[in-house]
Amino acid sequence: MTDPATAQTWTLTTPVEELPGVTEIRAAALRRMEIRCLAHLIAHLPSRHQYEEAESAIADITVGRLVTVRGEVTDTRAVRAGRARFEAVLLDETGRIDLCWFNMLFLQDRIHPGSKIRIQGKVNRRGPRLQIINPKWEWIPEGAEGPINRQAHIRPIYPATEDMPSWAFERLITSVIDRALPLIVDHLPDDFRKERALPTLAEAYRLMHQPQTMEDLNNARRRLVYDELLLLQLGVHMKRAHVRRTLHAPALNWNNAIDEHIRARIPFTLTPGQEEVIREIAADLRKPTPANRLIQGDVGAGKTVVALYAMLMAAASRHQAALMAPTELLAEQHYDSVSRLLRGSTLRLALLTGSVTGIDRERMMRGIAQGEIDLVIGTHALLTESVSFHSLAVAVIDEQHRFGVHQRATLRERNADDRSIPHTLVMTATPIPRTLALTIFGDLDISTLRGLPPGRTPIATRIMPAERADEVYAFVRNRLDQGEQAFIVAPTIGDDESLLLPEASPEQGTRDVNSILKTLREGPLKGKRLEAIHGRLNRESRERIMDRFRSGQIDALVATTIIEVGVDVPNATLMVIENADRFGLAQLHQLRGRVGRGKTASVCVCITSAAPTPGAEARLAALAATTDGFAIAEKDLELRGPGDFIGARQAGAAPFRLAEFPKDMDLLLLARRDANLWIERSPLLATDADRLIRSRLMKVHGQSLGLVDVA
Ligand code: ADP
Ligand code: MG
C-alpha cells in the first residue's frame, strides 16, 4: 500500500501538515514558529550541534574503560547512612550495570524506575557486578529512544518548542530531506560556486542537518554565511548603482588656483593623512555622481579642516555647503572656528540652531533658499527640518555616532532640482569597526584619516575609586597651579535630567554637575575659577563660558557630556570623569579626546563609584589599555554588540542569522568583492541568468533596502 502523503508530488511549498508523521499538534507548533512549508522546514537550521560518543552495549563493556551507555532504569535507592549516595540499576537489551552518585540525593526526584537515560563514565568492578561511579547523565527524550548508536555522531540541536522538540525536528527532517533537497535549485551559477569552493545549496543544507564531521559543518556554514553576506552586499550595491544612474550632484571645479586659495585659509601644514583624505574627497566632488563618503579618524585627528576644504570647494563653484553637528555647543564652536578662518573673505556664513528663532530664523531661511548664504553651520536638526537650499552641493555631517542611516536620506529632498542631491560626507570620531563599516555602510566609500597632527603628547589614563577622589583633586589643584586647565565631567546635571546608560539607575553615589561644583568650590579646588556648563544653559551663556575657558579665564569646567565631542582647547590637559563606570566605552574615549591636544602631557582620570559592574570594569580596563580609537571601537563592539552603532538597528544590519564577526570577515570581503563585480556587470540583475538570485534578493532585502521600486 502506498502512503498517500508520499504518493503526491512534493514541492518546496508543500504545507508541513502534508508531510509524513506531522500531527495536528506538531503542525500547529510548526506554524507558530513560522514554519509553514517544506522549504521553511529545510531552512530551519540547527542552532548548534552536539557531538555524541559511540554507545556501547552493556554486555560489551570492560572494566577500566570510559563508556557511554543508554538504557532504562529499573531500580533506584537513596542511601543516607554513611556516605550519602543515590544508586540506580540500568538495563539495556544485553545486560545490567549499577550506577552510584555520591552526595547527590536530589537525583531521587529526577531519576525513577522507567527513566530512559544515557550515561557516561568509567567502569569499575564491585563484587560480581560492573559499576560506574558519578557518571554524567542525560535524559533520552521521549520518542527518541532507539537502537544503540554504535558510532559517534554529530547530533543537530534545533530551535524548538515544547510541542515541537528538537528530536522531533531531527526525525521529521531526516524523513523528508532526501526528497526535499533535489527540489532546491541553486541561485549561484555552478562555475561561480566552484571557483569559491562552496558546496551547492542543497549540499549545504544536507551537511547542516546531517553532518558526518566537523569539516562538513564548516563547509555548510561557509556556503550559508556567504549567501547571507552576498545577498546583503548585492542589495546595497544595487541600490547604490541605482542612485548613480538616476540622481546627480553638482560637479565641482578643482584646480591649482582653487587649491591654493583654500589652503591659504588653513593656518598650518596639513598632515599626510589629511592630504590623502582631501585628495579622495576632491576626486569625489568633481564628479556629477553624488559622493557618499565616511571619513573616520580618531579624536583630534583633524577632521574639521578636511570638512572645511570640501565646503570651500562648493563655494568656489558658487554652490552652497552645510556642516551639521550633533550639539548646539559643537555647532557654535565650528561656527566660531570657521568664521575665524574665513575672516576677511566675502563668503557669507550662517549659524542655524534651535536658538535662532523668530524673524532672525525666517531671514536666515530665506537667505539659504535664495542662495545668499554660502555656508550653513547647524545642528543635525538641519536635516530634519524643512530647510530648503538654493543649491546645496556639499553636506558634511560631523561626529555622527549616534544617529540613523536613514537620516542621511532626508537630505535628498533639499534642492530645487529634485534629481540633484548634495555630495554627502559623514565624519565620525568614533571609528566604526571595519566590519560594520563594510556591512552597514556598504553603500559608503570610506576614508580613514590616519595619524594625529604633530606636537601631541600621549594621554595617561588612570582608574581611581571614589574613596580616592581627594587625591585626584589634590593632583588637579597642583596642575591648575601651573596654569593648566581641566574638564571635570559628571553624568547628570543635578536635577532630573539623566544621561546615564540604560543599565545604570540613578541611585545614590551618582555625582552630578551642580553638587560637584559646590563641593569643589568649597573644598579641594577652593579659590580656583570654576564654572559649570551643560545643555540647560542658553547659547549666550555657553558661548561666554567657553570663550572664557578658551582664553584661560576659567581654570576648570564642570560639565556634562555636552563637551564629549569636538570641544578643542589645547591648554586643557586634565580630564576627570566622575562616575566613569556609568559611561559607555566610546563615550569615555571621546571625553578623553578633549585633552592631549597641546604640548603638555595630559592625564585622564576615571573615578568609579563604589562598586562598578563587571561590564563597567571591562570598559574601563579597555580604555586604560589603549588610546587607539580603532581598537576601542572594536572592543566596544565586542562588549556591546553591533546594535548600538550608528543606527545599526534602523539599517537592518543586526539581523544576521548566521554570520559572526570578526570570524567571518574573509567571507564578507569575498562577498563584497563579488557583489561589486556582479552589479557592475548586471546593475539591475535583470538578465535571465540572474533571475534566481534576483528573486532571492528581493525576497530577503527588497523591502528593507527599498529595492522594490529600483527594479
Ligand atoms: P577632530 O578630528 O577630532 O575633529 P579637529 O579637527 O578638532 O579634530 O582638530 C583638532 C586640533 O588639531 C584642532 O586644534 C586643529 O586646529 C588642530 N589641527 C588639525 N590639523 C592640524 C595640522 N595639520 N597641524 C596642526 N594642527 C592641526
Ligand atoms: Mg571634530
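In this predicted model, the largest nonpolar core comprises 39 residues, and the members with the most contacts inside it are Ile281, Leu285, Val394 and Val396. Eight elements are named as supplying at least two residues each to this core: helix 8 (256-263), helix 9 (272-285), helix 10, strand 10 (320-325), helix 11, strand 12 (375-379), strand 13 (392-397) and strand 14 (423-428). Helix 10 provides the largest share of the core, namely ten residues.

Two of these helices also take part in the second largest pocket. That pocket encloses about 930 Å³ of space. It is lined by 34 residues, of which Phe268, Thr304, Arg456, Asp568 and Arg597 are the closest to its centre. Helix 10 (303-316) and helix 11 (328-341) are the elements that give two or more residues to the lining. Helix 11 gives the most, with six residues. In terms of residue class, the lining of this pocket consists of twelve nonpolar, twelve polar and ten charged residues.

Where does the second largest pocket lie with respect to domain 3 and domain 4? Because domain 3 (256-286 + 302-428) and domain 4 (459-626) both give residues to its lining, the pocket lies between them.

The cysteines form a separate topic. The structure contains zero disulfides. Cys606 is accordingly in no disulfide, and the nearest cysteine sulfur, that of Cys604, is 4.2 Å away. Since a disulfide requires two cysteine sulfur atoms within 2.5 Å, the separation of 4.2 Å between the sulfurs of Cys606 and Cys604 does not qualify. Cys606 is also buried, because its relative accessibility of 0% falls under the 20% limit. Cys37 counts as buried by the same limit, with a relative accessibility of 11%.

Ala611 is placed in the loop between strand 21 (602-608) and helix 20 (614-625). Is Ala611 buried or exposed? Ala611 is exposed, because its relative accessible area of 66% is over the 50% cut-off. The C-alpha atom of Ala611 is separated by 9.5 Å from that of Ala466, although the two residues are 145 residues apart along the chain.

The accessibility values of the three residues discussed are set out below.

| Residue | Relative accessibility | Class |
|---|---|---|
| Cys37 | 11% | buried |
| Cys606 | 0% | buried |
| Ala611 | 66% | exposed |

Terms used
Residues are numbered from 1 along each chain as its sequence is written. Chains are lettered from A and ligands numbered from 1 in the order in which they are written. This is a predicted model: local features need pLDDT of at least 70, side-chain atom pairs count only at pLDDT 80 or more; totals for chains, interfaces and linings use all residues. Side-chain values use heavy atoms; hydrogens and water are left out. Buried means under 20% relative accessible area, exposed over 50%, partly exposed in between (1.4 Å probe, protein chains only). On a 1 Å grid over the protein atoms alone, a cavity is a set of points where a 1.4 Å probe fits but cannot get out, and a pocket is an open set with protein on both sides within 12 Å along at least five of seven lines; lining residues have an atom within 4 Å of a point. Grid points are joined across faces, edges and corners, and a volume is the space filled by probe spheres set on the points. Helices (H or I, at least four residues) and strands (E, at least two) are DSSP runs, numbered from the N terminus. Ala, Val, Leu, Ile, Met, Phe, Trp, Tyr, Cys and Pro count as nonpolar, Asp, Glu, Lys and Arg as charged, and the others, Gly among them, as polar. Domain bounds come from an automatic or database domain assignment. A nonpolar core is a set of buried Ala, Val, Leu, Ile, Met, Phe, Trp, Tyr and Cys residues joined through side-chain atoms within 4.5 Å.
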